[in-house]
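Visitor: Please show me the structure, and then let me ask about one of its helices.

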Amino acid sequence: MDHLPRRQRIGEWYGPAGFGLFYHWGLCTGGGSGDRRPEFQVPYKHDTVADFEAAAGDPATVATNMVDQAVQTGAKYIIYTLFATTDRFALKYPTRLAGFPVHLTQDYAGALIEEGKRRGVQIILYIPACADDLWDTPGGPWLPEGY
């Protein structure tokens with residue numbers, strides 16, 4: 001199948017896949033908004049990485065729960081958001097990558113990739129495009145301009 005053009009390979013995989021789950025999960029789960037209008041500005045559920053990681057728990061357990069949900073619903077893939085404006089651009093894995101001032105110490109993305117691989121659920125990492133007017137949400141800027 002690797003010899004087929006990329007577009008055809010994608011079509012042959014997604015067609016039978018049926019549907020998947022989208023996880024936009026992180027520091028602001030349950031609160032927060034990248035929308036700058038005052039009526040949409042609500043406190044972040046987890047103000048610090050330590051608070052988030054304490055609430056989330058072990059990455060392997062989180063990954064197992066996410067993949068369990070996919071398997072139980074018949075989803076063949078999970079789209080997982082690596083970071084978002086509402087999370088203050090916190091990557092879901094430890095990194096020293098410049099430009100990301102909020103760093104998790106636990107590897108939630110890696111645990112999910114491994115659990116998906118183990119259980120036959122495709123993990124697709126989603127990196128959202130960020131509108132110019134959202135890169136410096138209140139308290140920011142979270143990423144250097146032009147990143």
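The questions below concern one helix, its surroundings and its salt bridges.

Guide: This is a predicted model, in which local features need pLDDT of at least 70 and side-chain atom pairs count only at pLDDT 80 or more, while totals for chains, interfaces and linings use all residues. Residues are numbered from 1 along each chain as its sequence is written, and side-chain values use heavy atoms, with hydrogens and water left out.

Visitor: What span should the twelve residues of helix α4 have?

Guide: Helices here are DSSP runs of H or I with at least four residues, strands are runs of E with at least two, and both are numbered from the N terminus. The expected span is 1.5 Å times one less than the number of residues. For α4, residues 108-119, the end C-alpha atoms are 16 Å apart, which agrees with the expected 16 Å.

Visitor: Where around the axis of α4 do its buried residues lie?

Guide: Buried means under 20% relative accessible area, exposed means over 50%, and partly exposed lies in between (1.4 Å probe, protein chains only). The buried residues of α4 are Y108, A109, A111, L112, E115 and G116. They cover an arc of only 160°, taken from the directions from the helix axis to the C-beta atoms, which puts them on the same side of α4.

Visitor: Which residues are exposed on the other side of α4?

Guide: The buried residues of α4 pack against α2, α3, β2 and β3, where contact means heavy atoms within 4.5 Å. On the other side, the exposed residues are K117 and R118.

Visitor: Which residue of α3 meets R119 in a salt bridge?

Guide: A salt bridge is a side-chain nitrogen of Lys or Arg within 4 Å of a carboxyl oxygen of Asp or Glu. The partner of R119 is reached at 2.8 Å, N to O. Because R119 lies in α4 and its partner in α3, the pair ties together parts that are 51 residues apart in sequence. The partner is D68.

Visitor: Is E115 buried or exposed?

Guide: E115 forms salt bridges with R118 (2.8 Å, N to O) and with R119 (3.0 Å, N to O). R118, at 61% relative accessibility, counts as exposed. E115, at 9% relative accessibility, counts as buried.

Visitor: Which residues do salt bridges with shared partners join into one network?

Guide: R119 meets E115 in a salt bridge, and R119 also meets D68. E115 in turn meets R118. The network joins D68, E115, R118 and R119.
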